[in-house]
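Trainee: I have a structure to go through today, and I would love to talk it over with you. Shall we look at it together?

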Amino acid sequence: MGGSEVYLLCFSWNFRTLSGLEKIQGFLSEVVDGKPRLEYSGLCDFKLDDHTVNAPSPLKVPGRQDIKGVQGAFTFTITKPAALGRGFFRLTQDGDGKWKALTLFTNMQDLVGHEESLTDQHGLYEGRKITWEEDVDARFRAIEADPTVMIVGGGQAGLMSAARLGRMGIRVLVIEKNARVGDSWRKRCEPQVPEPHAAYSRISKLHALQSLSDNLSQ
């Protein structure tokens with residue numbers, strides 16, 4: 001069984017999926033500023049994620065009852081650029097009983113110094129003297145008056161980018177040609193659904209996207 005590596009901004013500023021040992025080794029061996037890409041990126045401090053949901057668990061390979069495996073999540077740091085990462089792995093045993101990576105996914109989660117906020121941006125806090133609607137209106141007016149980032153297109157990708165930038169405290173203005181932000185998504189063809197399993201096609205920050213789309217449409 002051939003392995004695959006998927007990475008999001010960990011080894012370059014591109015999104016890449018690589019299949020097969022030869023392609024993976026070739027990419028990681030490419031020279032960047034005089035060093036192999038893997039060494040240049042400086043991934044280190046790998047730790048297993050011990051949360052209940054992400055803790056290592058047995059892996060069942062469809063159609064291959066003879067193959068034993070394990071899967072789980074992990075965290076790590078990146079040297080260039082300085083960032084924090086998260087990953088997911090699937091390991092299986094070959095015919096000789098040696099453990100090999102079937103799947104390895106790595107994702108740059110946060111840039112150091114620009115981490116996303118984990119707190120509810122519209123929740124109750126001490127000293128609050130205005131209503132939630134007034135707070136949202138004030139935020140939107142400040143963004144429209146002096147946006148830091150402008151995103152053209154309020155579809156899936158635009159709303160996702162806006163939600164993540166918003167979590168970083170960056171003022172984002174989304175411009176959409178349709179009557180409501182998100183209409184290009186709402187009006188999609190009925191058969192246009194993700195092909196992969198639902199577990200692999202969930203959209204990051206989905207709850208934030210729905211809230212952002214509804215609020216921008218008001």
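Trainee: What is the relative accessibility of Asp137, and does that count as buried, partly exposed or exposed?

Mentor: Happy to help, and do keep in mind that this is a predicted model. Buried means under 20% relative accessible area and exposed means over 50%. Asp137 falls between those limits, so Asp137 counts as partly exposed, at 37%.

Trainee: Which residue forms a salt bridge with Asp137?

Mentor: Look along helix α3 (residues 132–145), where Asp137 has a partner four residues apart, about one turn of the helix. That partner is exposed, with a relative accessible area of 56%. The two side chains meet at 2.9 Å, N to O, and the partner is Arg141.

Trainee: How many residues apart in sequence are the parts that Arg86 and Asp49 tie together?

Mentor: The side chains of Arg86 and Asp49 meet in a salt bridge at 2.7 Å, N to O. Arg86 lies in strand β8 (residues 83–93) and Asp49 in the loop between β5 (44–48) and β6 (57–60), so the parts this pair ties together are 37 residues apart.

Trainee: Glu176 is buried yet has no salt bridge. Which side chain makes a polar contact with the side chain of Glu176?

Mentor: A salt bridge needs a nitrogen of Lys or Arg within 4 Å, but the nearest side chain of opposite charge, Lys177, is 6.5 Å from Glu176. The Glu176 side chain does reach the backbone nitrogen of Gly154 at 2.6 Å. Its side-chain partner, at 2.7 Å, is Asn178.

Notes:
Residues are numbered from 1 along each chain as its sequence is written. This is a predicted model: local features need pLDDT of at least 70, side-chain atom pairs count only at pLDDT 80 or more; totals for chains, interfaces and linings use all residues. Side-chain values use heavy atoms; hydrogens and water are left out. Buried means under 20% relative accessible area, exposed over 50%, partly exposed in between (1.4 Å probe, protein chains only). Lys and Arg count as positive and Asp and Glu as negative; His and the chain ends are not counted. A polar contact is a pair of N or O atoms within 3.5 Å; within protein, one must be able to donate a hydrogen and the other to accept it, and residues adjacent in sequence count only if both atoms are side-chain atoms. Helices (H or I, at least four residues) and strands (E, at least two) are DSSP runs, numbered from the N terminus.
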